[in-house]
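Here is a short report on how some of the side chains come together in this structure. Please keep the sequence and the 3D view at hand as you read.

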Amino acid sequence: MDKPKETENDIVPRTDEYGFVRPTEFDYVFYEEFLTRYHVVLNRRAMKWSKLMKNSKAVEKNLKVKRYIRKGIPNEYRSHIWMVVSGAQAQMETNPGYYQHAFTEGERNAKLVDLVTTDLNRTFPDNVKFRKSANPSLQKDLYNVLVAYGQHNKNVGYCQTVLRIWDCLFFEGSKILFRVALTLIKQNQSFILEARNFPDVCDSFKKITKGEFVTDCHIFMQRIFVEPGSLSRITINKLREVQRSRLLTDQ
């Protein structure tokens, strides 16, 4: 849905808080209505997180924290929580100076540097903060991280990717992504089945990540823990092995 020229009084700007330009089909009317309702939820959560973090920056991986994370981490605590629950903080403290060392070594790898440099302008093309013309531009920070990672994980090296990281992912692992995928597919099964070829399928999967169902993140995150039912990591691994065996048999 097109939006009139942006003004200072707009509730929803054309660029989101992370720097991504909203698509032309973005439904501003629905999103403004959603934000009006959702601010109440955000304020309530912010108060709970404030009490949790008031006396200590330490975060224990317990059921209470798990419940809080599933409902969303306020922006002011997100970077700290991600570092702690992902294990990155512990790794950084155990290996002081490792990032700087990996980056320095990575810059000596001409092939790695060339690959990263070539892809910089193609990474997050819809994010104004990662454009060369931005002031300040995050391209240099992105370059540093990609070069350091390419040097750190030489088996993987560097490949272009766009990551959308969910708060729950760091706490509960990749099974969260599996739940998200299953919920999206289940909710849009009829639409996906209308596809007549592989390009149509790819286009369908792009489209199901947009719209009111996923915009209302509060409802959506509730649904991913209901729609797929019980999904322990053991269950997922068993299902994976069954399907892997079938694929190998078919080959």
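## A cluster of rings

F26, Y28, Y31, F34 and Y38 are joined into a cluster by ring pairs. This is a predicted model, and the structure holds eight aromatic pairs.

One member of the cluster also has a charged neighbour: the charged end of R22 sits over the ring of F26, 4.9 Å from its centre. You can look for a similar kind of arrangement at F225, where R70 lies over the face of the ring, at 3.6 Å from the ring centre.

## The largest nonpolar core

Now turn to the largest nonpolar core, which has 13 residues. Which of its residues touch the most other members? They are F103, V116, L120, L142, Y143 and V147. Three elements give two or more residues to this core: α5 (98-106), α6 (110-119) and α7 (139-152). The largest share, five residues, comes from α7.

L120 is a good residue to click on here. Leaving aside residues up to four places away in sequence, L120 touches Q139, L142 and Y143. L120 and two of these contacts, L142 and Y143, are among the core residues that touch the most other members.

## F103 and Y143

Two of those core residues also meet ring to ring. F103 and Y143 form an aromatic pair with an edge-to-face arrangement, 6.2 Å centre to centre and with 85° between the planes. The pair links distant parts of the chain, since F103 is in helix α5 and Y143 is in helix α7, 40 residues apart.

Are these two residues buried or exposed? Both F103 and Y143 are buried.

## Helix α7

Helix α7 has 14 residues. From its first C-alpha to its last, α7 reaches 20 Å, close to the 20 Å expected at 1.5 Å a residue.

The buried residues of α7 are Q139, L142, Y143, N144, L146, V147, A148, G150 and Q151. What do they pack against? Their partners are α5 and α6, the elements that, along with α7, give two or more residues to the largest nonpolar core.

## The loop before α7

Finally, have a look at the loop between α6 and α7, where P136 lies. The peptide bond from N135 to P136 is cis, with omega near 0°.

Notes
Residues numbered from 1 in each chain as written. Predicted model: local features only at pLDDT ≥ 70, side-chain atom pairs only at ≥ 80, totals over all residues. Heavy atoms only, no water. Core = buried A, V, L, I, M, F, W, Y, C linked by side-chain atoms within 4.5 Å. Buried < 20%, exposed > 50% of the residue type's maximum accessible area, 1.4 Å probe, protein only. Helix = DSSP H or I, 4+ residues; strand = E, 2+ residues; numbered from the N terminus. Contact = heavy atoms within 4.5 Å. Expected span 1.5 Å × (residues − 1). Phe/Tyr/Trp six-rings, centres within 6.5 Å; stacked < 30°, edge-to-face > 60°. Lys NZ or Arg CZ within 6 Å of the ring centre and 35° of its normal.
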